[in-house]
Amino acid sequence: MTTIKRNIIANYLGQALTGFMALAFLPLYIEYLGMEAYGLIGFFVVMQGLLMLLDIGMTPTLNREMARFTAGAYSPQRIRELLRSLELICCGVAVVVMVGMWSVSRYLATDWLKTESLSIDTITHALIVMAFVVGMRLCEGIYRGSLYGLEQQVWYNTAYTLLTVLRYGGALAILEWVSASIEAFFIWQAVVSFLTIIVFALRVYHVLPLVNMRVRFSYESLKSVSQFAGGMMSIAVLAMILLQIDKVLLTRLLPLNEFGYYALAATAASIIYMIVIPVTQAAYPRMVKLSAPESSSDLAAVYHQITQLVVVLIAPAAMLIYFFSGGIIFMWSGNLDLVNNSAPLLSIIVIGSFFSSLSYLPYQIQIAHGWVSLLIKINAVIVFLFTYLIVIVAPHYGAVGAAWVWVAANIGYVVVSTQFMHHKLLPSEKWVWCFRDIMLPTAATVIVMLLAQQLQPDGYKSRLNWMVFLFVTGAFSVLASAMMASTIRARIKLCMV
């Protein structure tokens, strides 16, 4: 468990710093560029998410296979050939993405996005640069997956934090001293993305053992992972549709500035993923190694321990955002317009994100076992229902309706997917996972929030008062949640002895 602990700490430090910078710089970007331009940044996030579908399972495949390499399943020659083969495929896909987005940029600027103040030429130029950024971010993924599978998470988070400082701080400097334009913003993103690819690639090849034979494109290596990669591609396609279809439709249905408020709420709610992903990423290589039948008891122990840690961390954050979304946005930005327009959406979206996060570890248990068929079937059904409901609800109820559909879809996904996973892989662990690992720590957090409502600051007058209140409330809720999580409570008692 020492490696998992070290990686969790590294992932959290990296995610905390990068997440803090992303959220801290966001109000400044809005100040420089305006809400409509920020809506274009929100559109970029949506397009990046959708075009990551073209990753075709390469990132999770390399994550898993690099972890298997460290366990002795591959020779250095074979793992390098797999990496080289996927590199070449990824570069080809990235070129197609860049050319494709470039070719439709004018159509998106004139016929898809609804703008009031930004010119068509400005949007078109921004979309062209955006195409290059998306293509390069696609290539980043294969090296990120490799580094995580090689358990280089301490190094990765150090490097990624420095690059994120450069990404966000440099963008602000560009807007301040060079050009306060959306085109300049995206040009800087392209520069940092290119640098990131170079840094990550050099590290991966430095960590992998040297080989004497020439490393070439290998059909055999691709064939050996084709079934898993194909399953992961299908899952990725369906998962990204589930995550992005509401935003895609709303870019068409809403004016760009109104979509900006929805994108802002979704960005704020993403802090839940910033909390859960570092833990699950750190635990995944260990789960791969414990996926053998003779290690099922050890896998169950790790599963419960990590689940309780996840819930103790995300339940207080999610409930704090749900109960005090207005106060959080006010403390964050000091902008009452954002409070009035984004807070109601944030309080809904964060509940969907909470349930979505609960499915991460069960999902990774299935991936560690190479069992992807169930995930494909469940995701297909959920995506169909989600898309259908968005089409029905969004035209009548707008962003709020889409947010509630997001909540319903994630509740349905957790209930169905975890039921099947536990039945096949961990049949005696379902009720322990449901009640002891999730419900008890979450209930303790909700009680703290209900009590804190009686003491919250009066109105939106002082950002400092809200900061103190939210910090104290969050601290008490984490403590209450930890006391109701058996494995976390035991470790706290052990540390106090």
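Are arginine 137 and glutamate 140 buried or exposed? In this predicted model, both residues are buried. Their side chains meet in a salt bridge, with an N to O distance of 3.4 Å. Both residues belong to helix H5, which spans residues 120–149. They sit 3 residues apart in that helix, about one turn.

The model holds 6 salt bridges in total. Another of these pairs arginine 436 with aspartate 437. The closest N and O atoms of this pair are 3.5 Å apart. The two partners fall into separate exposure classes. Aspartate 437 has a relative accessibility of 0% and is therefore buried, because the buried class covers values under 20%. Arginine 436 has a relative accessible area of 32%, so this residue counts as partly exposed. That value lies in between the cut-offs of 20% and 50%.

A further salt bridge links aspartate 458 to lysine 461. Here the closest N and O atoms are 4.0 Å apart. Aspartate 458 reaches 64% relative accessibility and so counts as exposed. Lysine 461 reaches 69% and is likewise exposed. The exposed class takes values over 50%. Salt bridges with shared partners also occur in the model: they join Arg137, Glu140 and Arg167 into one network. The buried pair of helix H5, arginine 137 and glutamate 140, thus belongs to this network.

Conventions
Residues are numbered from 1 along each chain as its sequence is written. This is a predicted model: local features need pLDDT of at least 70, side-chain atom pairs count only at pLDDT 80 or more; totals for chains, interfaces and linings use all residues. Side-chain values use heavy atoms; hydrogens and water are left out. Helices (H or I, at least four residues) and strands (E, at least two) are DSSP runs, numbered from the N terminus. Buried means under 20% relative accessible area, exposed over 50%, partly exposed in between (1.4 Å probe, protein chains only).
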